[in-house]
Amino acid sequence: MRFSGALLICLCLLPAGAHAQARNIPEQAKAGAITHLQDMIVAINGVAVRLAPGVQIRDQSNLLIVPTAVPPGSQVKYMLDQEGLVRQVWILTPEEAQQPATSSATGNDGAGTQ
């Protein structure tokens, strides 16, 4: 009986530990400000860009959201696919947004050449 109580306590603590994990945003992700325009089109740094089919947009809690739920002007890190479509987006927390961008993530890559 004592063992099952300890096991139950351990199982209850597992989700709390998983929630506290840091996000894994790739270093090559570019920085920018995003606004949803229409359907599968967003503006990144003022340039219209198409979203890839199956795009993953993660909010500040790392939960998947639909494009229409993106707060206008959100600071993000994003990745493009081989065709230049946005395939992954991470909406940054205020702490993440204050971190200096790496040289490969300037956000001025000409995204949205379509």
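The pLDDT is the predictor's confidence in each residue, on a scale from 0 to 100, and across this chain it averages 82, with 69% of the residues scoring at least 70. Over residues 16–20 the pLDDT is below 50, and this stretch has 0 contacts (heavy atoms within 4.5 Å) beyond near neighbours in sequence. Residues 103–110 also have a pLDDT below 50, but that stretch has 16 such contacts in the model.

The structure is a predicted model, in which local features need a pLDDT of at least 70 and side-chain atom pairs count only at pLDDT 80 or more, while totals for chains, interfaces and linings use all residues. Residues are numbered from 1 along each chain as its sequence is written, and side-chain values use heavy atoms, with hydrogens and water left out.

The chain holds 2 helices and 6 strands, where helices (H or I, at least four residues) and strands (E, at least two) are DSSP runs numbered from the N terminus. Read from the N terminus, these elements follow the order α-β-β-β-β-β-β-α. Of the 114 residues, 31% count as buried, a term that stands for under 20% relative accessible area with a 1.4 Å probe, counting protein chains only.

Strand E2 pairs with a strand on either hand, pairing being taken as at least two DSSP bridges between two strands, and the table sets out both pairs.

| Pair | Bridges | Direction | Residues between the strands | Positive phi in the hairpin |
|---|---|---|---|---|
| E1 (residues 30–38) and E2 | 4 | antiparallel | 2 | Asp39, near 40° |
| E2 and E3 (residues 47–58) | 4 | antiparallel | 2 | Asn45, near 55° |

Within these pairs, Thr35 stands opposite Ala43 in E2, and Ile44 stands opposite Val47 in E3. Both faces of E2 (residues 41–44) are covered, with Ile41 and Ala43 buried on one side and Val42 and Ile44 buried on the other.

Ile44 also belongs to the largest nonpolar core, a set of buried Ala, Val, Leu, Ile, Met, Phe, Trp, Tyr and Cys residues joined through side-chain atoms within 4.5 Å. Of its 13 residues, Ile34, Ile44, Val86 and Val89 touch the most other members. The elements that give two or more residues to this core are E2, E3, E5 (74–80) and E6 (86–91), and the largest share, 4 residues, comes from E3. Leaving aside residues up to four places away in sequence, Val86 touches several residues, among them Ile44, Val49, Leu51, Val55 and Tyr78.

Terms used. Buried means under 20% relative accessible area, exposed over 50%, partly exposed in between (1.4 Å probe, protein chains only).
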